[in-house]
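Please walk me through how this chain is packed, from a buried charged residue to the nonpolar cores and the surface.

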Amino acid sequence: MPSAPPNHASMSDFTSQGERNANAIVGKMDGVVRKAGNVVASTTTHNTKPDSVDNGPPIATEGKHPKKQQSMDYVVRSFIAGGLAGCTAKTTVAPLDRVKILFQTSNPQFAKYQGSWAGFAIAMREIYTRDGVLGLFRGHSATLLKIYPYAAIKFVAYEQYRSLFIGSNRQNETWVRRFASGAAAGVTSVFLTYPLEVIRVRLAFETKNRRTTLADICKKIYHEAPLPKSPPAAAVPGSGVAKTVAEAASSTVQAVAPRSGLVNFYRGFSTTLLGMVPYAGVSFLTHDTMGDIFRTEAIRKYTTLPKPENAPPDKPAPLKAWAELTAGGISGVVSQTVSYPLEVIRRRMQVAGAVGDGHRLRIAETAGMIFRERGIPGFFVGLSIGYVKVMPMAAVGFYTYERLKLLFNI
């Protein structure tokens, strides 16, 4: 591959190298490998008079925009905006989230209410009768402690990954790069905040009359151990050396791998990663795509607001409230459908120690248990409630973030 031309003085050597590496990686996926130096050169030398973004999709066309995204001021402002947006969205649907978790995890007290909207209403009424309004928000304090850094990191990471994967060249704005930016942002945020999510789910799952404290939950999670595996059968003559070596290696790994302790706070994390890639990738991809549609020339006068006077020249016109809420809601529904089966598996793994004999299950064991209990529909238990929850949550989240970006001038 020919070497990229030297970058202009408007970007640091570190930023230029990062953009070249990201373009090379993502270019292998979508078949478009471009030179980062040409991207910077084309945007800094030819954009003497930037085009109005209202004449096309909401894509950065000026070289200084990626540089601004990588500044500390931009990171701090977007971190605050993302965290506030996440807390606002999560608070809106907290009661729905409590009932959904109880249904997903087959809580013995609420399993009889699953499968109908009437059962959902009865479950909410029972929680309200026993615990009052606060019962519908049980575990929400832990949710806010988790959701603020999670949402803040997710939105900040998405802006930064977009800057690397897409850069400042309009031709780099492909669906693959958008998906990759969202997926990478989701993985980054969930890795840094996953232990708080495990604690939140366990707090929401507890339904006993005795008040369970945060310290009690943490101690219980810490001391849980996996189910002991049955000893391997004796090798049969002619079974092969490869099988014996594989069994010996498996036994060695099980002997040295952590079986309790801090690793329990990452229970179901591998499944979460598998679910987060499609969820976050599809979510951001769908939202940005809907933004493109709403900003097309044929309908933009009905869907967009006038650009603020102090807005950066390369920033697209903001969507009207109904359009922004619609884009966010659709993105939530699509991403939830794609990733929901993995979410059900993850929830069951997280609360495995709260039911049964207190042992945790592995991914394959959890999936097998769900399939034996309910078949394929078991992987979609609570999905209709999930739609009711995720549509307003995604709509409010994206709407709040975009409006706070305008307020913070980012």
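Lysine 90 is buried, at 10% relative accessible area (buried is under 20%, exposed over 50%, partly exposed in between, with a 1.4 Å probe and protein chains only). This is a predicted model, in which local features need pLDDT of at least 70 and side-chain atom pairs pLDDT 80 or more, while totals for chains, interfaces and linings use all residues. Residues are numbered from 1 along each chain as its sequence is written, and side-chain values use heavy atoms, without hydrogens and water.

Lysine 90 sits in helix H4 (helices are DSSP runs of H or I with at least four residues, numbered from the N terminus). Beyond its neighbours within four places in sequence, lysine 90 contacts Asp97, His140, Thr143, Ile147, Arg200, Lys389 and Met393 (contact means heavy atoms within 4.5 Å).

Met393 leads on to the interior. The largest nonpolar core has 21 residues, and Met393 is among those with the most contacts inside it, along with Val190, Ile199, Ile221 and Met276 (a core is a set of buried Ala, Val, Leu, Ile, Met, Phe, Trp, Tyr and Cys residues joined through side-chain atoms within 4.5 Å). Two or more residues each come from H4, H8, H9, H10, H12 and H16. The biggest contribution, 5 residues, is from H9. Residues up to four places away in sequence aside, methionine 393 touches Ala89, Lys90, Val93 and Tyr279. A second, separate core of 13 residues includes Tyr74, Ala81, Phe155 and Phe408.

Helix H4, residues 72–92, also holds leucine 84. Leucine 84 counts as partly exposed because its relative accessibility is 37%.
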